[in-house]
Amino acid sequence: MAGIQHVAVIGAGAMGAGIAQVAAQAGFRVSLFDLAVSQAEQAVQRIADALDKRVARGKLSATERDGTVSRLHCVSQLAEIADADLVIEAIVENLAVKQSLFRDLAAICREDCLLASNTSSISITAIASAVNRPERVVGLHFFNPAPVMKLVEVIRGIATSAQTAQMALDWARQCGKQAVLARSTPGFIVNRIARPFYAEALRALEEQVAEPVQLDYLMRHAGGFNMGPFELMDLIGHDVNYAVTSSVFEACYQDRRYLPSLIQKELVDAGYLGRKTGKGFYDYAEDAPQPALNLLLPGAGASQSSLAARKLGQWLPADHGLLELVANQLTLETKDTNATGATGSAQLAAVTFPAESGPARLEVNGVLLVPTRGESATMLAARFQQPVVTVDYCRDYRLSPVIALAPAAQNTPEQTRQAIAFFQVLGKQVLQLKDYPGMVVWRTVAMLVNETLDLANKGGASLADIDTAMCFGVNYPQGPAAWGCQLGWSAICDTLDGLTAFYGEERYRPSPMLREFAMINKELV
């Protein structure tokens, strides 16, 4: 085949129509087929209307619009796509139905025609098993809405040839997409790697660590994610999100890393599916009251002059942001050759930085502030024989308006107030959480990193393609592999080991690749 010129799309629903628009805008002749011919015609009209709006906003020229529409053709019979170079199926997510269609396509289309499925969860290997030349079958997983989302996952089944995969990658890139290559494993890249983003939030809710509105606020502002997990699940729809989790869980032989949540199942059972039904974790009725964040506000704590802090322990890359927050908020001056103090606008009594072994921690008036890892504050207080408050991770401590803290059970209320006041003095809102090892943001990031390395370790996709997929497919602020390298593999591995010991379950087991990276302190090139 000289190259792809004629693209056929099977299914004129939202995804099929979106893919057809992408292909036509990229200059390909497109045939759109649907069992209901009127639905295909309506899809083309919706595309034309959408393009008209872009022209009116100055985002598209009239010539480009006319060219795109002229390349879109509705067909009423599969026989009319016999000369297609690429056929993309975007129909119901049912293996038997897809296999039946692919058998028909294999009989109708040329032997060198690429046959692609837009499935988000069904095995490409299983779909390809229905045709006589499975090496030409590939996955082309677009994200909704296809004209807007930049990512396309190109999925290789066990029989997909290297030539087929490369042609699919090249075609997706010709369409202006960020194309990544993955093997046909459960969830492919995005739907697998993203599981901990939802699972850890749901577990925190199950353990009554905080309310959904607080956890969403924390993940947005401290974690840097565009949306919090609960508002995102409400947007996706709990029926869809729960089904994907259940599918990955079963496909991975009930690996507990993908264990579905009873809380989400209850929402599905109740019909509270999120935005599309008007109720999920949030109530979307016009007159519904907004949930309260209940944050402790900056400057509302103890007297600034009563606070003194000192830095203890070995501070790893993951902890440096917390030190930068303190250092940038204070005017520092040298006290002696071994310690540094602080005076100035924050009016803390002192901040000193003596060298000492052991885990990273700040001591504020006898209370230890410890960047969270895999131990709870209560466990740390027992070890250090001092009051402890753990501090959750922020992607940028200086820019985040909120810091999450969790006090040990041994603390007196006054001791916890000292820790809270320290961050209020530094201009931060404080969210007090239930004591919880790994807390919220740090535990979620650790699990995303671990899932990334586990998929790469098993040959599911390269680390570079996973990072690209998570940034362009779900708008993560940073690729998980690059994030883990920045934070330090040993800190991530120690966290997961601690969580495994705490819970006594395999859910938090570190990937072998993570253990290897932690041992050799590997940097990503």
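**Entry 1. Salt bridges**

I take a salt bridge to be a side-chain nitrogen of Lys or Arg within 4 Å of a carboxyl oxygen of Asp or Glu. The model I am reading is a predicted one. With that criterion I searched the whole structure and found 29 salt bridges.

I looked up Arg-65 and Asp-66, whose side chains meet in such a bridge with an N to O distance of 3.0 Å. Asp-66 is partly exposed, at a relative accessible area of 45%.

I then turned to Glu-363 and Arg-310, where the closest N and O atoms are 2.7 Å apart. Which parts of the chain does this pair tie together? Glu-363 belongs to strand S13 (residues 361–364) and Arg-310 to strand S9 (residues 308–312), so the bridge joins parts that are 53 residues apart in sequence. I noted that Glu-363 counts as buried, with 14% relative accessibility, whereas Arg-310, at 32%, counts as partly exposed.

For the salt bridge between Asp-396 and Arg-398 I recorded 3.9 Å between the closest N and O atoms. Asp-396 is partly exposed at 27% relative accessibility, and Arg-398 is also partly exposed, at 43%.

I also found a network of salt bridges that links Arg-192, Asp-255, Arg-257, Glu-451, Asp-454, Lys-458 and Arg-509.

**Entry 2. Helix H19**

I checked the length of helix H19 (residues 489–503). At 1.5 Å a residue, its 15 residues should span 21 Å, and the end C-alpha atoms are 21 Å apart, which agrees. Its buried residues include Trp-489, Ile-492, Leu-496, Leu-499 and Tyr-503. In general, an α-helix has 3.6 residues a turn, so residues three or four places apart point the same way.

Against what do the buried residues of H19 pack? I found four helices there: H8 (195–206), H16 (441–457), H18 (480–487) and H20 (512–520). After H19 comes Gly-504, with a positive phi near 65°.

**Entry 3. Helix H9**

I next examined helix H9 (residues 212–221). Eight of its 10 residues are buried, so the helix is largely enclosed by the rest of the structure. Among the buried residues are Pro-212, Val-213, Leu-215 and Asp-216. The elements that cover them include H8, H10 (229–236) and H16, together with strands S16 (402–407) and S17 (429–432).

I singled out Gln-214, which is placed in helix H9. Is Gln-214 buried or exposed? Its relative accessible area is 10%, so I entered Gln-214 as buried. Leaving aside residues up to four places away in sequence, Gln-214 touches Leu-293, Asn-294 and Leu-431.

**Entry 4. Pockets**

I looked up the largest pocket, which has a volume of about 960 Å³. It is lined by 34 residues, and those closest to its centre are Phe-143, Asn-144, Asn-191, Ile-236 and Val-240. Strand S6 (137–142) and helices H7 (190–193), H8, H10 and H11 (238–251) each supply at least two residues of this lining. I recorded the lining by class as 20 nonpolar, 10 polar and four charged residues.

The second largest pocket holds about 380 Å³ of space. Of its 21 lining residues, Gly-18, Gln-21, Ala-146, Pro-147 and Val-148 are the closest to the centre. Which helix gives the largest share of the lining of this second largest pocket? I found that H1 does, with six residues. H1 (14–25) and H2 (37–56) each supply at least two residues of that lining. By class, I entered 12 nonpolar, five polar and four charged residues for the second largest pocket.

Methods:
Residues are numbered from 1 along each chain as its sequence is written. This is a predicted model: local features need pLDDT of at least 70, side-chain atom pairs count only at pLDDT 80 or more; totals for chains, interfaces and linings use all residues. Side-chain values use heavy atoms; hydrogens and water are left out. Buried means under 20% relative accessible area, exposed over 50%, partly exposed in between (1.4 Å probe, protein chains only). The expected span of a helix is 1.5 Å times one less than its number of residues. Contact means heavy atoms within 4.5 Å. On a 1 Å grid over the protein atoms alone, a cavity is a set of points where a 1.4 Å probe fits but cannot get out, and a pocket is an open set with protein on both sides within 12 Å along at least five of seven lines; lining residues have an atom within 4 Å of a point. Grid points are joined across faces, edges and corners, and a volume is the space filled by probe spheres set on the points. Ala, Val, Leu, Ile, Met, Phe, Trp, Tyr, Cys and Pro count as nonpolar, Asp, Glu, Lys and Arg as charged, and the others, Gly among them, as polar.
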